[in-house]
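Student: Before I rely on any descriptive label for this protein, I would like to see the reasoning behind it. Could we go through the labels one at a time?

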Amino acid sequence: MSALNSAAPLATGLREFDSEIMDMATYIHDYKIDSDLAFDTARYVFLDTLGCGLEALRFKECTKLLGPIVEGTVVPNGTRVPGTPYVLDPVNGAFNIGAMIRWLDYNDCWLAAEWGHPSDNLGGILAVADWMSRTNRAGGHVGNGTVLKVKDVLEAMIKAHEIQGCLALENSYNKVGLDHVVLVKVATAAVVSKMLGLDVRRTADAISQAWVDGQSLRTYRHSPNTMSRKSWAAGDACQRAVNLVMKVMKGEQGVPTVLSAPVWGFYDVLFKGKKFEFQRPYGSYVMENVLFKVSYPAEFHSQTAIEAAKHIHHQLKDMGKSAEDIEEITCRTHEACIRIIDKQFKPMDNFADRDHCVQYMASVMLVFGRLEATDYTDGSEAATSPLVESLRQRITCVEDPQFTRDYHEASLRSIPNALLVKLKDGSVLEEVVVQAPLGHRSRREEAKPEILAKYRRHLGAHFEEGRVEELVRVGGDRDGLEGLDVDRYVDMYVKKTMEW
C-alpha cells in the first residue's frame with residue numbers, strides 16, 4: 001500500500017475535477033438538443049419502456065420487491081408508481097420504476113464495447129420529475145420550483161442515453177467484472193442533478209459520487225450464480241443515483257479526481273489502470289441509434305437468432321417436419337453473444353438462466369413457434385419440455401470474426417446471427433442469416449407500428465379499453481404528449497389496486 005503523508009497540508013480552494021466528469025456536467029447543462037429524430041425516438045422509447053414496466057407487474061417475482069420499504073407508508077406528494085397504488089419517496093420510487101422497466105429485459109438496448117439498456121435511467125428520471133412536479137404544484141419549491149413537462153423527461157432521457165452510451169462505445173466494464181449498471185448510476189445522477197436545480201459544479205460533485213460509490217459485480221448475470229438480481233440491478237442503480245444527488249443537494253462535496261487519483265481512483269482500482277476512451281463528443285447520437293426490442297422478451301444478442309429460428313420453424317412446418325426432426329444446429333454469431341448467452345450445456349435452473357441462454361430461446365421458438373416471457377418461468381410448458389432441453393444441447397455457437405467486426409462497426413452496429421440446421425435424415429437446410437433485428441435503426445420505420453402495438457398490448461392487461469385508447473391516443477400525439485405536465489400524465493397510469 002502506498003505510504004500516507006500525514007504531514008501533508010490540507011488542500012485549499014476548489015480542486016479541478018477530472019476532465020471526463022466536467023465534460024459530462026457541462027454537456028448536461030449547456031448542450032441544446034435540437035435533433036427532431038432524437039425527440040421522436042425518445043417518445044417511442046418512453047412509451048415502450050412504460051409498457052414493459054406494466055407487463056412486469058404480471059410477475060410476482062417482480063411485484064414482491066415493490067412498494068414502500070415499510071408497508072403502509074404514503075409520502076405526501078410522492079412519486080406515483082405506474083400500474084400500482086404506491087406513493088413513495090423519490091429514492092424508493094426510482095427503485096420501483098427502475099426494477100419494473102428492466103425486469104423482463106424487453107425494451108431498448110445499446111451494444112458496443114459495453115452493452116446495457118439506457119432506458120433504465122427512466123427509473124430515476126420519472127420518479128424525480130413526478131415528485132418534483134407534485135411537490136411544486138402543492139406549493140413547494142424543489143429544483144427551480146416549476147412543474148415539469150413530459151418534454152423535460154424526454155430531454156433528460158436523451159442526455160442520459162448519450163452519457164451511458166458514449167461511455168460504453170469504447171470501454172468494456174464487463175471485461176473487468178463490473179456490471180454495466182454503473183453507467184446507469186452515473187447517467188441518472190448527471191441528469192437528475194440538473195432537474196433538481198444543481199449548477200454545473202454541483203452536478204460534477206454528484207457525478208463523482210456515483211463513480212466513487214461501490215460498483216456492482218456481474219456475478220449475478222453468469223453461471224453458476226445467475227439470479228433475479230440482474231432484473232432489479234438497474235433499479236438499484238437508479239435508487240443509489242437519486243440518493244447521492246439528494247445528499248449533494250444538502251451540501252455533500254464531490255470527489256474531484258475520483259477517476260484519476262493514483263492508487264485510490266477508479267482507473268487504478270477497478271479499470272486496470274486504463275483511462276476511458278471516447279469515440280465521439282456528447283450530442284444525441286445514442287438516442288438516434290438506440291435498438292428497440294420489438295419482437296421477443298429476450299437478451300438482445302439473441303434477437304436475430306430467434307428471428308432466424310422463427311423462419312426455420314415455418315420452413316419445417318411447410319416441409320411436413322418439426323423440431324423433432326432436427327439432428328443439430330450451428331449458430332454462427334458474434335463474440336459478445338458467445339461471451340454472454342452461450343450456455344449450451346449449463347442447467348437451466350431458473351428464469352434468469354433461461355432468458356440469457358441463446359440455445360434455450362432459439363429452441364423454444366423452434367419447438368413452439370413462439371417466445372414469450374412466460375416461457376422462462378419454472379414449471380412452464382417450455383421450461384419442462386424434454387424436446388426443448390434436448391434441442392438446446394444440440395445447438396453449438398461458433399464465432400464469425402466478420403460478424404464481430406460488423407457488431408462494432410459504427411456505420412453498421414449490426415447484431416448478426418445465422419442458423420445452419422442438419423436434419424436426422426442427413427439433409428442440411430440452407431443457412432438462415434439475419435443481420436439486424438426489427439428494432440435496429442435500419443429497420444426503424446418498419447418497427448414503429450409494432451412498437452405501438454406492443455405498447456397497446458401491455459396496457460390492455462391493466463386498464464379498461466377506454467383508458468387504453470386514451471393512453472395510445474396521447475402517446476401518438478407528439479406535440480400534445482410533450483406539452484403535458486408530468487404528474488398529470490403519470491396519473492393516467494395510477495391504479496387503486498393491483499390484480500397481479
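What follows is a conversation about how some labels for this predicted model are reached.

Student: What makes α4 and α5 oblique to each other?

Tutor: The axes of helix α4 (residues 90–103) and α5 come within 7 Å and cross at roughly 140°. Angles over 145 degrees would count as roughly antiparallel, and those from 65 to 115 as roughly perpendicular, with the rest, once those under 35 are set aside, called oblique. The two helices, α4 and α5, are therefore oblique to each other, and their crossing is right-handed.

Student: Which residues make that contact, and how do they divide by class?

Tutor: From α4 the contact takes Pro90, Gly93, Ala94, Ile97, Gly98 and Ile101, and from α5 it takes Leu122, Gly123, Gly124, Leu126, Ala127, Val128 and Trp131. By class, nine of the residues in the contact of α4 with α5 are nonpolar, four are polar and none is charged. Glycine is counted here among the polar residues, and Gly93 and Gly98 of α4 as well as Gly123 and Gly124 of α5 are in the contact.

Student: Why is α5 called roughly parallel to α7?

Tutor: Helix α5 (residues 122–137) packs against helix α7 (residues 181–195) at an angle of about 15°, with the axes 10 Å apart. An angle under 35 degrees counts as roughly parallel, and that makes α5 roughly parallel to α7. The residues in contact are Gly124, Ile125, Val128, Ala129 and Met132 of α5, together with Thr188, Val191, Val192 and Met195 of α7. In this contact of α5 with α7, seven residues are nonpolar, two are polar and none is charged. As for handedness, α5 passes α7 in a right-handed crossing.

Student: How do you know that α8 is oblique to α9?

Tutor: Helix α8 (residues 200–212) and helix α9 (residues 229–249) have axes that come within 9 Å and cross at roughly 140°. Roughly antiparallel is reserved for angles over 145 degrees, and the crossing angle here makes α8 oblique to α9. The passage of α8 by α9 is a right-handed crossing.

Student: Which residues meet there, and how many of them are charged?

Tutor: Arg202, Asp205, Ala206, Gln209 and Ala210 in α8 meet Leu244, Val245 and Val248 in α9. The contact of α8 with α9 has two charged residues, alongside five nonpolar and one polar. Asp and Arg both count as charged, and the contact includes Arg202 and Asp205.

Student: What is the peptide bond between Ser223 and Pro224 called, and what is its omega?

Tutor: Ser223 and Pro224 are joined by a cis peptide bond, with omega about 5°. Pro224 is placed in the loop between α8 and α9.

Student: What sets the phi of Asn77 apart?

Tutor: Asn77 has a positive phi of about 55°, although Asn77 is not a glycine. The residue Asn77 is found in the loop between α3 (60–63) and β1 (79–80).

Student: Where do the domains lie, and what does the UniProt record place along the chain?

Tutor: The protein is divided into domain 1 (19–292) and domain 2 (300–437). Their C-alpha centres, those of domain 1 and domain 2, lie 32 Å apart, and the contact takes 24 residues from domain 1 and 21 residues from domain 2. UniProt, in an unreviewed entry, places "domain: MmgE/PrpD N-terminal" at residues 23–279, a span that is 53% helix and 3% strand. The UniProt annotation "domain: MmgE/PrpD C-terminal", also from an unreviewed entry, covers residues 296–469, where the chain is 43% helix and 13% strand.

How values were computed. Residues are numbered from 1 along each chain as its sequence is written. This is a predicted model: local features need pLDDT of at least 70, side-chain atom pairs count only at pLDDT 80 or more; totals for chains, interfaces and linings use all residues. Side-chain values use heavy atoms; hydrogens and water are left out. Axes are lines fitted to C-alpha atoms, for helices over the stretch in contact, and angles run from 0 to 180 degrees between N-to-C directions. Helices (H or I, at least four residues) and strands (E, at least two) are DSSP runs, numbered from the N terminus. A crossing is left-handed if the near helix is turned anticlockwise from the far one by less than a right angle, and right-handed if clockwise. Contact means heavy atoms within 4.5 Å. UniProt positions are given in the numbering used here, feature names are shortened, and annotations may be inferred rather than shown by experiment. Domain bounds come from an automatic or database domain assignment.
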